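Me: Please take a close look at one part of this structure. Walk me through it in plain steps.

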Amino acid sequence: MESMVMSNKQVIFRDYVTGFLSESDLLINSTTVNLKVPAGSMTALVKNLYLSCDPYMRNRMRKPDPSSPATALSFIPGKPISGFGVSKVMDSGHPDYKEGDLLWGAVGWEEYSVITPIPNLHFKIHHTDVPLSNYTGLLGMPGMTAYAGFYEICSPKKGETVFVSAASGAVGQLVGQFAKLMGCYVVGSAGSKEKVDLLKNKFGFDDAFNYKEESDLNAALKRCFPVGIDIYFENVGGEMLDAVILNMRPHGRIAACGMISQYNLQVPEAVYNLWLITYKRIRIQGFNTIDYLHKYSEFLEFVLPYLREEKITYVEDVADGLESAPAALVGLFHGKNVGKQLVVVSRDLD
């Protein structure tokens, strides 16, 4: 077999991180990759086109701690970080994938990755009438997160009141639109005027507020929800969660998707109003999207018609080139992204 070697730029994890993630924690390095997989191998060599920047990746940068399940899949210092991406198969020994196939799933943060495709972790892309970049967000892991969290965890009913924090992000913008499609009253919070305008004017939220301009989050929520909150889609944690609990209605549901305000803190913030969940009969449930990826085909059947009919819209924040990936990922934790943050590694499908 003829060997074909190409240079392969990678984003390397420097070392375990305490405190806020910085660009210096991620290094750009160049190595080489063989463009042919070994004969008889079940692997595939893929060219990465788009990479997804996701808040959960910060938790994979913690030093492994046997007492914390959050660090079970920590990145390895000196090795490329990994996440979800959209890729094209360049060579394959796997029977389900052939050269030229497009897929989304777990890949390294690099120009080329050698993967062993795993069901419910790698998905062949069959629908190419929509932008390929959508498979990092709307049609990828964040889309499944919104779908599973809202419909499976929250059990929404028409007419209920729904609050979404970090509402202009990859997941929040979809949860709000799903809730509106169900006939719910929906309010979102975000961190800038631009994002608040997006929520109200593009995504169709009934109301929205900039949490940075609110000195009293409890009062802000009372203003937006005079009768209280039935469903809270939790992306933030900390003070916001505390204020939401005060405003939840009896038998309210909280889907704990993420808590981005806590990921960079060495000492997490306390939540003081948890005692109220007993008296209000509130159900708080954490979830991991991986547990629902077997429902991906069901999700596509649900969401693709809405997307094609333009009843659902999606905003992406695109960083160009693998060199821009560290800054794009760090920016998530400072609210710099407007919409789903992704990195274009290559637009060249050849």
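Reply: A disulfide is a pair of cysteine sulfur atoms within 2.5 Å. By this rule, the count here is zero. This is a predicted model, with pLDDT of at least 70 needed for local features and 80 or more for side-chain atom pairs, while totals for chains, interfaces and linings use all residues. Residues are numbered from 1 along each chain as its sequence is written, and side-chain values use heavy atoms, without hydrogens or water.

Take Cys-53. Its closest cysteine sulfur belongs to Cys-257, 16 Å away, so the two are too far apart for a bond. Cys-53 is buried (under 20% relative accessible area; exposed is over 50%, partly exposed in between; 1.4 Å probe, protein chains only), at 3% relative accessibility. Cys-184 is in no disulfide either: the sulfur of Cys-154 is nearest, at 9.6 Å. Cys-184 also counts as buried, at 3%.

Now the sheet. Six strands (DSSP E runs of at least two residues, numbered from the N terminus) form an open sheet in the order 10-9-8-11-12-13. Pairing (at least two DSSP bridges) is parallel. Strand 10 (207-210) and strand 13 (283-286) are the edges, each pairing on one side only. From one strand to the next, the twist averages 15 degrees, taken between N-to-C directions of lines fitted to C-alpha atoms, on a scale of 0 to 180 degrees.

Strand 8 (residues 161-164) and strand 11 (residues 229-234) run parallel, joined by three bridges. Val-164 has Phe-233 of strand 11 as its bridge partner. Helix 1 (residues 141-153; a helix is an H or I run of at least four residues) packs on the sheet, touching strands 8, 11, 12 and 13 (contact: heavy atoms within 4.5 Å). Its direction makes about 150 degrees with that of strand 11, using the helix stretch in contact.
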